[in-house]
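This briefing covers the surroundings of a bound ligand and the annotated domain of the chain. Please view the sequence and structure first.

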Amino acid sequence: MEKSSKNKKLVIYYSFEGNTKLIAETIASDIEADLLELKPQKELNSKGFMKYLWGGSQVMMKKKPDLHPLDKNPQDYDIIFIGTPVWAWTFAPPLKTFFSTVRFNNKKVALFSCNGGQNGKTFENMKAELEHNDIIGEIEFFEPLVKEREKDIHRVKEWTKDILKNL
Ligand SMILES: Cc1cc2nc3c(=O)[nH]c(=O)nc-3n(C[C@H](O)[C@H](O)[C@H](O)COP(=O)(O)O)c2cc1C
């Protein structure tokens, strides 16, 4: 393998309200990784309490919403970061679609999540979907857009640096 093609990095994420997007974009720009946003074909415009009912029921019913075509192939990368908002104590439905349609093995994978204080089984469930990969890190953030934005940006950069240093 050519040296230049080694350690290609990809950040894959879904974000409903921008928190996970903030973290994903911070990682990608910090380490010059490519970005792959998972975008459902139909996204509900729910606000307030309705969004929890709608989103929670999507998780309970194990929905796999159709996504817009992916413009990057994870197979082409060596190190993959995957981020999700926590919905009903696990990863959000667009990730379920992703895991059921895109398979990859033997990658180095780091997980990140944004939540409202309860990460639940998010990482455990993601790891079950990624069992033939090497999980090299996990980190959660508590509403980084509105709580401790600058601190969290610093924290994710340090985390990313440590991960790459220890490879
Ligand atoms: C449908 C739905 C379910 C949620 N369930 C949880 C949960 O189980 N635990 C939690 O801590 N936060 C939960 N939240 C809050 C989000 O995880 C949190 O606001 C996160 O920062 C949103 O990320 P995003 O802006 O990238 O969409 C939920 C939010 C929604 C919309």
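Of the 21 residues around the ligand, Ser15, Asn19, Thr20, Val86 and Gln118 come nearest. The model is predicted. The ligand is located in the largest pocket.

**Polar contacts to ligand oxygen atoms**
- Ser15 places a polar side-chain atom 2.5 Å from an oxygen atom of the ligand.
- For Phe16, the contact is made by a backbone N or O atom, which lies 2.9 Å from an oxygen atom of the ligand.
- Gly117 likewise uses a backbone N or O atom, at 3.1 Å from an oxygen atom of the ligand.

**Burial**
- The ligand taken alone exposes 640 Å², and the protein buries 93% of that area.

**Make-up of the shell**
- Two or more residues of the shell around the ligand come from each of helix 1 (19-31), helix 2 (48-60), strand 3 (79-87) and strand 5 (108-115).
- Among these elements, helix 2 gives the most to the shell, with four residues.
- By class, the shell around the ligand holds ten polar, eight nonpolar and three charged residues.

**Annotated domain**
- An unreviewed UniProt entry lists residues 9-164 as "domain: Flavodoxin-like".
- Over residues 9-164, helix accounts for 38% of the chain and strand for 24%.
- The end C-alpha atoms of residues 9-164 are 10 Å apart.

Technical notes. Residues numbered from 1 in each chain as written. Predicted model: local features only at pLDDT ≥ 70, side-chain atom pairs only at ≥ 80, totals over all residues. Heavy atoms only, no water. Near = heavy atom within 4 Å. Polar contact = N/O pair within 3.5 Å; in protein donor to acceptor, adjacent residues only side chain to side chain. Areas by Shrake-Rupley, 256 points an atom, 1.4 Å probe, with all protein chains shown as cover. 1 Å grid on protein atoms, 1.4 Å probe; cavity = no way out; pocket = protein on both sides within 12 Å on 5 of 7 lines; lining within 4 Å. Sits in = over half its atoms within 2 Å of the grid points. Nonpolar A, V, L, I, M, F, W, Y, C, P; charged D, E, K, R; others polar. UniProt positions renumbered as here; feature names shortened; annotations may be inferred.
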